[in-house]
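Reader: I'm new to this one, so could you walk me through a single part of it slowly? I'd like to look at how the helices pack, and then at the empty spaces.

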Amino acid sequence: MLLESHLQDTWVAPMSGDSTAVDVRDAVTGETVCRVSSHGLDLAGGFDHARRVGGPPLRAMTFHQRADLLDALAAAVRARREELYALSARAGATLNDARYDVDGGIRVLRDYADRARTELPDSPHLLEGPAERLARGEDFLGVHLVTPSPGLMLQVNAFNFPVWAPLEKLAQAVLAGMPSVIKPATPTAYLTEHLIRIITDAAVLPPGALQLVVGSVRPALDLLGEQDVLSFTGSAATATTLRTHPNLVARSVRFNAEADSVNAIVLAPDVTPGTPLFEAFVREVVTEMTVKAGQKCTAIRRVLVSSEQEGAALDAIASELAGVTIGKPTAQGVRMGAVVSLAQREDVRRAVHRIAESGRFVYGDPEKVRVVDADPERGAFLDTLLISADPDAAAPHEVEPFGPAATVLAYRDTAHATDLVIRGRGSLAASLVSDDLAWTTAFVGEAAAWHGRLHLLDSTTMTQTTGHGSPLPALRHGGPGRAGGGSEMGGTRGVLDLMQRTALQASPMLLDSLRTARPSADSV
């Protein structure tokens with residue numbers, strides 16, 4: 001079955017006879033789920049439709065009216081989320097994994113709807129802050145006006161969150177008054193396709209506000225213009241290629257990248273084995289290794305412990321991993337399913353072998369695994385893999401095994417720990433586990449510039465934490481350096497970043513008129 005795309009408010013199939021069409025297989029059984037191709041699709045017509053048909057009604061709405069659209073989206077997806085849960089199992093996801101993806105996306109929609117009503121005006125645009133007096137008198141003032149851009153957002157998404165990622169980006173784009181074209185990653189494109197069918201069946205968005213391209217969008221990069229946004233989630237290597245695309249450079253297309261990174265957790269010397277905080281540290285590591293089979297851009301890849309704690313940390317983590325049942329996601333008692341594809345399994349194997357060149361596998365075998373109710377060879381199954389490696393080797397800080405793997409690195413002292421974290425050259429997230437305020441404060445001062453988010457776990461927060469790997473709508477998601485240098489969410493800041501900020505020099509009367517402007521009844 002060839003997956004269809006949704007362009008110009010119509011479901012369309014690619015042209016037949018495409019030799020480059022890709023077979024997408026069930027991560028558990030190896031059976032073919034669908035084929036993916038964009039051969040013969042009218043991408044130029046779709047982009048024009050977004051700008052000409054989808055953009056004007058969104059821009060005419062107020063922030064509060066756009067928030068109503070998000071509430072309607074959330075209700076539509078929630079009503080049919082069981083369908084998405086069931087499909088997620090074909091991608092290797094357990095029910096818990098599916099809820100993380102699907103329910104997480106619903107929560108982002110609702111969160112942004114609520115924020116828009118409380119933090120943004122019931123107006124199509126925003127006048128930021130108090131006006132600045134620009135002359136001796138009171139009648140020449142300066143202020144910043146934030147308005148919707150007459151372009152589109154092209155989403156290029158990764159395979160690991162086929163529901164949450166498009167909904168998270170869509171929430172911000174809708175509030176910013178910008179239509180979206182979504183390009184899902186091929187291995188889980190059938191999940192995003194079903195999500196878009198749910199949304200289009202509900203008919204809650206204006207025509208042209210949402211389109212889907214299944215398959216390659218490489219030719220579309222030449223169609224992007226000065227008012228458009230390319231929002232990318234994926235590998236650092238692909239981000240580099242996109243960032244330097246001639247058309248993006250020539251036309252100054254806004255580019256936002258959220259790339260892979262070798263995220264770390266640091267156990268401070270004051271946390272001793274057997275204490276509740278030490279146990280919380282172990283839980284964080286094991287959770288990040290097993291949720292979605294470790295296929296999260298924020299997952300912990302490096303586990304930094306003091307030399308004195310290394311043995312105890314390895315033993316405790318390995319002991320917890322021994323209790324993780326792997327197999328068919330829908331089988332009773334299974335905690336971890338498969339990675340998304342056989343190709344992904346091979347990528348993880350290559351990565352862990354490279355890291356282990358300077359150390360050893362403490363738990364798990366990358367070449368074999370015992371599974372429940374499934375064939376370990378036909379399905380893309382991996383054991384949980386715990387590695388102990390030389391902390392000063394290059395590979396643990398450069399190679400990301402995008403799967404159920406983590407590497408324990410022993411640091412000598414505080415300076416060494418900080419240096420090791422920074423060797424990741426920029427990460428989405430890092431966790432620090434400590435009750436020592438001075439140690440934590442010093443670490444934050446050195447490490448914050450290299451991270452998009454720091455998760456500081458102590459005896460006070462450990463029972464309330466949302467977890468190392470959970471991006472939250474209220475907080476910035478992104479990171480410097482290798483992590484892409486981009487930024488998403490962060491509350492309404494993520495919305496305003498998609499809009500145009502213009503400095504106005506005007507009279508108080510004109511500014512008041514802009515502040516109270518509302519769309520006309522026939523423009524919405």
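Which hand does the crossing have where helix 9 passes helix 10?

Author: Keep in mind that this is a predicted model. Helix 9 passes helix 10 in a right-handed crossing.

Let's stay with that pair for a moment. Helix 9 covers residues 276–290 and helix 10 covers residues 310–321, and their axes sit 10 Å apart at an angle of about 55°. Angles between 35 and 65 degrees fall in the oblique class, and helix 9 and helix 10 are therefore oblique to each other. On the helix 9 side, the residues that meet helix 10 are Phe278, Phe281, Val282, Val285, Val286 and Met289. Helix 10 answers with Ala312, Ala313, Ala316, Ile317, Glu320 and Leu321. Sort the residues of this contact by class and you get eleven nonpolar, no polar and one charged.

Now slide over to helix 2, which packs against helix 4 and helix 5. Start with helix 5. Helix 2 spans residues 63–79 and helix 5 spans residues 164–175; their axes come within 8 Å and cross at roughly 155°. That makes helix 2 roughly antiparallel to helix 5, since the cut-off for that label is an angle over 145 degrees. The crossing of helix 2 and helix 5 is right-handed. From helix 2, the contact takes in Phe63, Arg66, Ala67, Leu69, Leu70, Leu73 and Val77, while helix 5 brings Leu167, Leu170, Ala171, Val174 and Leu175. By class, this contact of helix 2 with helix 5 comes out as eleven nonpolar, no polar and one charged.

Next, look at helix 2 with helix 4. These two pack at an angle of about 160°, and their axes are 8 Å apart. That makes helix 2 roughly antiparallel to helix 4. Here the crossing is left-handed. The helix 2 residues that meet helix 4 are Phe63, His64, Ala67, Asp68, Leu70, Asp71, Leu73, Ala74, Val77 and Arg78. Across from them in helix 4 you'll find Ile106, Leu109, Arg110, Tyr112, Ala113, Ala116 and Arg117. The class count for this contact is eleven nonpolar, one polar and five charged residues. If you've been following Phe63, you'll have seen this residue in the contact with helix 5 and again in the contact with helix 4. Val77 also turns up in the contact with helix 5 and in the contact with helix 4.

Helix 4 and helix 5 lead us to the empty spaces. The structure holds two cavities of 30 Å³ or more. The largest cavity has a volume of about 140 Å³. This cavity is lined by 17 residues, and the closest to its centre are Ala91, Ala93, Asn160, Lys292 and Gln295. Helix 4, which runs over residues 95–119, gives the most to that lining, with three residues. The lining of the largest cavity has nine nonpolar, five polar and three charged residues.

The second largest cavity holds about 70 Å³ of space. Around it are Ala158, Asn160, Phe161, Trp164, Ala165, Glu168, Lys169, Thr233, Glu258, Cys297 and Glu488. Helix 5 gives the most to this lining, with four residues. Split by class, the lining of the second largest cavity has five nonpolar, two polar and four charged residues. Asn160 is worth a click: this residue is among those closest to the centre of the largest cavity, and Asn160 also lines the second largest cavity.

Last stop, the largest pocket, with a volume of about 1100 Å³. Its lining has 40 residues, and those closest to the centre are Asn157, Ala185, Phe232, Ser235 and Thr238. Strand 10 (229–234), helix 7 (236–243), strand 11 (254–259) and helix 11 (342–356) are the elements that give two or more residues to this lining. The largest share, four residues, comes from helix 11. By class, the lining of the largest pocket has 17 nonpolar, 16 polar and seven charged residues.

Notes: Residues are numbered from 1 along each chain as its sequence is written. This is a predicted model: local features need pLDDT of at least 70, side-chain atom pairs count only at pLDDT 80 or more; totals for chains, interfaces and linings use all residues. Side-chain values use heavy atoms; hydrogens and water are left out. Axes are lines fitted to C-alpha atoms, for helices over the stretch in contact, and angles run from 0 to 180 degrees between N-to-C directions. Angles under 35 degrees count as roughly parallel, over 145 as roughly antiparallel, 65 to 115 as roughly perpendicular and the rest as oblique. A crossing is left-handed if the near helix is turned anticlockwise from the far one by less than a right angle, and right-handed if clockwise. Contact means heavy atoms within 4.5 Å. Ala, Val, Leu, Ile, Met, Phe, Trp, Tyr, Cys and Pro count as nonpolar, Asp, Glu, Lys and Arg as charged, and the others, Gly among them, as polar. On a 1 Å grid over the protein atoms alone, a cavity is a set of points where a 1.4 Å probe fits but cannot get out, and a pocket is an open set with protein on both sides within 12 Å along at least five of seven lines; lining residues have an atom within 4 Å of a point. Grid points are joined across faces, edges and corners, and a volume is the space filled by probe spheres set on the points.
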